[in-house]
Amino acid sequence: MFKNYLKIAWRSLKKQPFFAFLNTFGLAIGMAGALLISLYIHDELGFDKMFADAERIYRIDADIKFGGAEIDASQTSAPMAGTLKRDFPQVQSTVRFRDQGSMLLRKTDAKTNIKELQTTFADSTFFDFFGIKLLVGDVKTALTQPNTLVLTKTAAEKHFKVENALGQNLILNNTHNYTVAGVIHDLPKNSFLREHSVFMAMAGLADSRENLWGNTNYYTFIKLIPTANIQDFQEPLASILEKYLLPWAQQVFPGLTMESFAASGNYYRYHTMPLTDIHLHSNRQSEMSANSSIQNVYILSFIALFLIVLASVNFMNLSTAHSLKRAKEVGIRKTLGSKKLDLVRQFLIESGLISFISLLLALVLAFVMLPLFNNLAAKAISIPYDNISFWSILFVAALVLGLFSGSYPAFFMSRFMPAKTLKGSGQKSVGGAGIRNALVVFQFAISVLLIIATLVVFQQLNFIQGKNLGFKKEQVVLIDDAFAAGNQVNTFKEEVIKRSQVESATLSSFLPTPSSRSNTSFFREGSREQENAIQMQIWNVDEDYIPTLNMELVAGRNFDNRFGTDSSAVIINEAALPVLGVETKEALGLPISQDIDSQEPEYYTIIGVVRNFHYESLRDDIGALCLVMGQSTGNMAVKLKPGDFSKTIAGIEGVWKKLAPGQPFNYRFMDDSFNTVYDAEQRLGRIFLVFSVLSILIACLGLFGLATFNAQKRTKEIGVRKVLGATVGQISYRLTTDFLKMVVLAILISLPIGWYVMGKWLEDFSYRIEVQWWVLLLAAFIAIFIAVLTVSYQSIKAAVVNPVKSLRTE
């Protein structure tokens, strides 16, 4: 019987190729889009789950408010890990990391350095803790000795064959000699260590053994014993504060108590973050790698669901509209004895057949679109063709989608009365126009929502890129690893400035681009009371820093090498003024002290106030910051004059190779570097754009099909109107406005929802746009324009038909 149903379903589809194409292609687009998004979400939700006992691993985080600054720290102090292992029986093992950023590596007999972008110190427990195996080396001894390191396979192969790596020596940053103690596989792309390629022995880092509870430089991970409960661990974790942190702090602030600390409006709290939640639920300072957001997963999940629902709605709409042509077929079948259940089965098998054909087409579309999608989402996703679970899920999903999409049309058509349908008197009521119209409204409401989201995301990105940041990032080239020039670095700067295409250059420890930062406690007028502590960023710069970046001094003066006293001078930003409790003019000449560990504070004098500039994401408020004049070779920024940049950079590279032979010359433009902070938003905007187009395409396919069947249904009416003198324009207008009413209703529903949802999304940014009325109006116009374009073709085609031919149509 099933075979017979299948044959009839196939013949029915062959008889109506246009109907079959619209349904199949619409479902295929929805399925392909949902499949790609599902693979993306699976990858995001799978972050860090490959590590051994991942469900029992937690990172220790700290929430700190002190000296006017609020810090969401992903790092804690050096002694934290050892203390937790010693004092808490729930803790099975611990591991620490201390990131070092990028480093230059070369063999001892090589002259050229190779740059590794992410390096870190790690405890020797690293391998057992995460279940990482070594390709060469012994997990029991790797990283136990000072000045040893472990490389990933890709990093090792840049210097020697993996099998020959053990015992080889590498020079790091032209100064430190390390011995290779092992090689591991490249870490998975969906892990928090994905960008790290060099792991150095923590045993060689003196700071890691010091009892400095106030410093937060170490990522601390714990693994609980199988029977432990994290909720039971969280409360005793707070005891660390009074037992260890407070005694350390009292050496600096005599008489300090937890009560007086809290009374000053300060706090210090430890808590745990599950390893598998870090990627989607953590957005703290100095994360080990860039994280995503669970919000994006929710948004993409809704988009995938919308695509499937839109495609399913299309199927229902077109099937109920097509029921007009199949009404007599149903009447004849019922007259010949077919039961309602038989007809339901027949129509459901037809919808199931379309669903499985659509699935095959969707797989082809997904395969073709996958490289583009990976580029769009910055992923390396592949379709798991060899995974049985994948195929099982696809089969069940296609079956459920076919049954769901075909259920309403099947039950709708199976209830036709044979007497009415065979006479043709029931044709006016056939087709379920009310439900069809509601489904069209639903389709376009979703499409308009996605259009609004796309416009707002791109508008916010344009706002970010065009905002006055307090410095000029255009025409500024950043030269990485300037320290590689050694004692020639200042000569390199001087030679670069001499070039005619260069306006100025500066050397500094930090730049207002994404990087790690340096928070330090200062005290006004030498006070050592914790109530008077001031947390500020401290950057070492030279006298060319402010002019090169076109920053604006609102009071005081810039640094000047001619003044010897400037070695103990600072320039603060405007955000530091309220923290200091002074006005702009009052700040000049004000003494502040640093180095809370010394018995005699080191004094600085404020000589200038620079206008606030953004050195973090626009999601964050600008914090207090001070610039001090000091020798730092970490970063070099070169301000170029307008002209041929490639020629200028080539000239600078020539100077570099002359003064720093064998050292890699790495540069980037400052505006590009700043924009990388918003990679996630840019990707989200592009994904919105692509899937908005897909949703509109699906909606338009359905609208096109409905317009076609509507025109066919009203053929005689159109003929009569033409005979009575109606023009082509009048008829086209009448046919088009019926659909436009539904689109306008969809717009009225979606505009307030879109305004509210995107307003909530924008709340993540401290500096943001408002959702403007013209954005909503533009989204409405785009929807109406597309709808008119889709429907007008069929409307005009029906209107120009000869009325004689129309009136002969049965």
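## Charges over aromatic rings

In this predicted model, R269 lies over the face of Y267, at 3.9 Å from the ring centre. A second such arrangement involves K223, which is placed over the face of F129 at 5.2 Å from the ring centre.

## Aromatic pairs and a phenylalanine cluster

F129, the ring beneath K223, also belongs to a cluster in which ring pairs link F51, F97, F126, F127, F129, F130, F192, F199 and F221. For the model, the count of aromatic pairs comes to 34. One of these joins Y268 and Y270 in an edge-to-face pair, with 5.5 Å from centre to centre and 65° between the planes. Y268 has a relative accessible area of 14% and is therefore buried, and Y270, at 6% relative accessibility, likewise counts as buried.

F510 and W539 form a tilted pair, with their centres 5.8 Å apart and 40° between the planes. Because F510 lies in the loop between β13 and β14 (519-524) while W539 belongs to strand β15 (residues 533-541), the pair ties together parts that are 29 residues apart in sequence. Both F510 and W539 are buried.

## The four-stranded sheet

Strand β13, which precedes the loop holding F510, is part of an open sheet of four strands in the order β13-β21-β12-β22, with antiparallel pairing. The edge strands are β13 (502-508) and β22 (667-669), each of which pairs on one side only. On average, and with direction ignored, neighbouring strands of this sheet are turned by 20° against each other.

Within the sheet, strand β12 (residues 476-480) is joined to β22 by three bridges, and these two strands run antiparallel. L478 stands opposite R668, a residue of β22.

## Helices against the sheet

Helix α15 (residues 489-498) packs on the sheet and touches β12, β13 and β21 (635-640), its direction making about 160° with that of β13. Helix α19 (residues 645-659) lies across β12, β13, β21 and β22, and runs at about 140° to β21.

## Positive phi outside glycine

The loop between β12 and α15 contains D481, which has a positive phi of about 55° although it is not a glycine. At 6% relative accessibility, D481 counts as buried.

N550 is likewise a residue other than glycine with a positive phi, near 55°, and its place is in the loop between α16 (545-548) and β16 (553-556). With a relative accessibility of 34%, N550 counts as partly exposed.

Technical notes. Residues numbered from 1 in each chain as written. Predicted model: local features only at pLDDT ≥ 70, side-chain atom pairs only at ≥ 80, totals over all residues. Heavy atoms only, no water. Pairing = 2+ DSSP bridges. Axes fitted to C-alpha atoms, helices over the stretch in contact; angles between N-to-C directions. Contact = heavy atoms within 4.5 Å. Buried < 20%, exposed > 50% of the residue type's maximum accessible area, 1.4 Å probe, protein only. Phe/Tyr/Trp six-rings, centres within 6.5 Å; stacked < 30°, edge-to-face > 60°. Lys NZ or Arg CZ within 6 Å of the ring centre and 35° of its normal.
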